[in-house]
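Visitor: Please take one part of this model and go through it closely. I would like to hear about the aromatic ring pairs.

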Amino acid sequence: MSAKNDGPDGAGSPSKSEQTRALILETAMRLFQERGYDKTTMRAIAQEAGVSVGNAYYYFAGKEHLIQGFYDRIAAEHQEAVREVLARETDLQARLAGVLKVWLDIAQPYHEFAVQFFKNAADPDSPLSPFSPESEHARVAAIAVHQEVLRGAKTKVAPELREVLPELMWLSQMGLVLYWVFDRTEGRERSYRLAERGARLTARGVSLARFRVLRPLVLDVHELFTDFLPGMTRMMPAPGGKAG
């Protein structure tokens, strides 16, 4: 059974079912951080949340689905939070830097938790991997943000690159996430600096890709990743934000 996603009742107020689901997820995140992912059981999560074990399993089929719920929450919060910077900026570097720094802002409270479960997520065969089939929903949502970064920028992008660049930009973001997990500087200051410099480098690369002679190189890089990273092939969302 996969995680349950119940719609809100009435005029946007969360239903009792949504509240229970959120309570279980919040409790799990706290226990994962306090006790570690491996040492936290579904029974312990249910007990701390004040629900039955069966009720916990009704909403989340296991700990992996709780992590997927966390991924989906971060992705949804990020999509909402980037609206301001994307509405304000038209420069590609500023748009991308803003999107990356907003992600760091949202993820900051979960840093220690991310450190706890990273060894599980780093396994390419784990359902917690960002490249796994189980992570598809959050992955597609994140790539859609990068589509919007490109779509609203004044930088011209060759039509044949519009579908591959957002996925490569998301891969670059995954590199930032990896650095962030191990960043011990105050306020993850070095991660923010990396976001700025990475955005500048990416914007330059996209600008250079307007030259026809360099476009095959971009396509070759994308093909390399889709061939060797699980979950990458055919994962590009369509312009409307849905997977193709």
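Guide: Trp103 is a place to start: its relative accessible area is 11%, and because the cut-off for buried is under 20%, Trp103 counts as buried. The model is a predicted one, and the values below are computed from it. The partner of Trp103 is Trp180, with the ring centres 5.2 Å apart and the planes at 80°. Planes over 60 degrees apart count as edge-to-face, so the pair of Trp103 and Trp180 is edge-to-face. Trp180 is buried as well, with a relative accessible area of 3%. The pair links distant parts of the chain. Trp103 lies in helix α6 (residues 92-107), while Trp180 lies in helix α9 (residues 165-181), and the two are 77 residues apart.

The count of aromatic pairs comes to nine. Another of them joins Phe70 and Phe113, whose ring centres are 4.9 Å apart. Their planes stand at 90°, so this pair is also edge-to-face. A pair of aromatic rings is described by the distance of the centres and the angle of the planes. Here too, distant parts of the chain are linked: Phe70 belongs to helix α4 (residues 63-81) and Phe113 to helix α7 (residues 111-121), with the two positions 43 residues apart in sequence numbering. Phe70 has a relative accessible area of 8% and is buried. Phe113 is buried too, at 0% relative accessibility.

Phe70 and Phe113 also belong to a cluster linked by ring pairs. The other members of this cluster are Phe32, Tyr37, Tyr71 and Tyr110. Tyr37 has a further neighbour in Lys63, whose charged end sits over the Tyr37 ring, 4.5 Å from the ring centre.

As for the setting of these rings, the protein has eleven helices and zero strands, so the order of elements from the N terminus is α-α-α-α-α-α-α-α-α-α-α. Of the 244 residues in the protein, 45% are buried. Among contacts between residues at least 6 apart in sequence, 70% join residues at least 24 apart. The protein exposes about 12,900 Å², and carbon and sulfur atoms supply 55% of that area.

Key. Residues numbered from 1 in each chain as written. Predicted model: local features only at pLDDT ≥ 70, side-chain atom pairs only at ≥ 80, totals over all residues. Heavy atoms only, no water. Helix = DSSP H or I, 4+ residues; strand = E, 2+ residues; numbered from the N terminus. Buried < 20%, exposed > 50% of the residue type's maximum accessible area, 1.4 Å probe, protein only. Contact = heavy atoms within 4.5 Å. Areas by Shrake-Rupley, 256 points an atom, 1.4 Å probe, with all protein chains shown as cover. Phe/Tyr/Trp six-rings, centres within 6.5 Å; stacked < 30°, edge-to-face > 60°. Lys NZ or Arg CZ within 6 Å of the ring centre and 35° of its normal.
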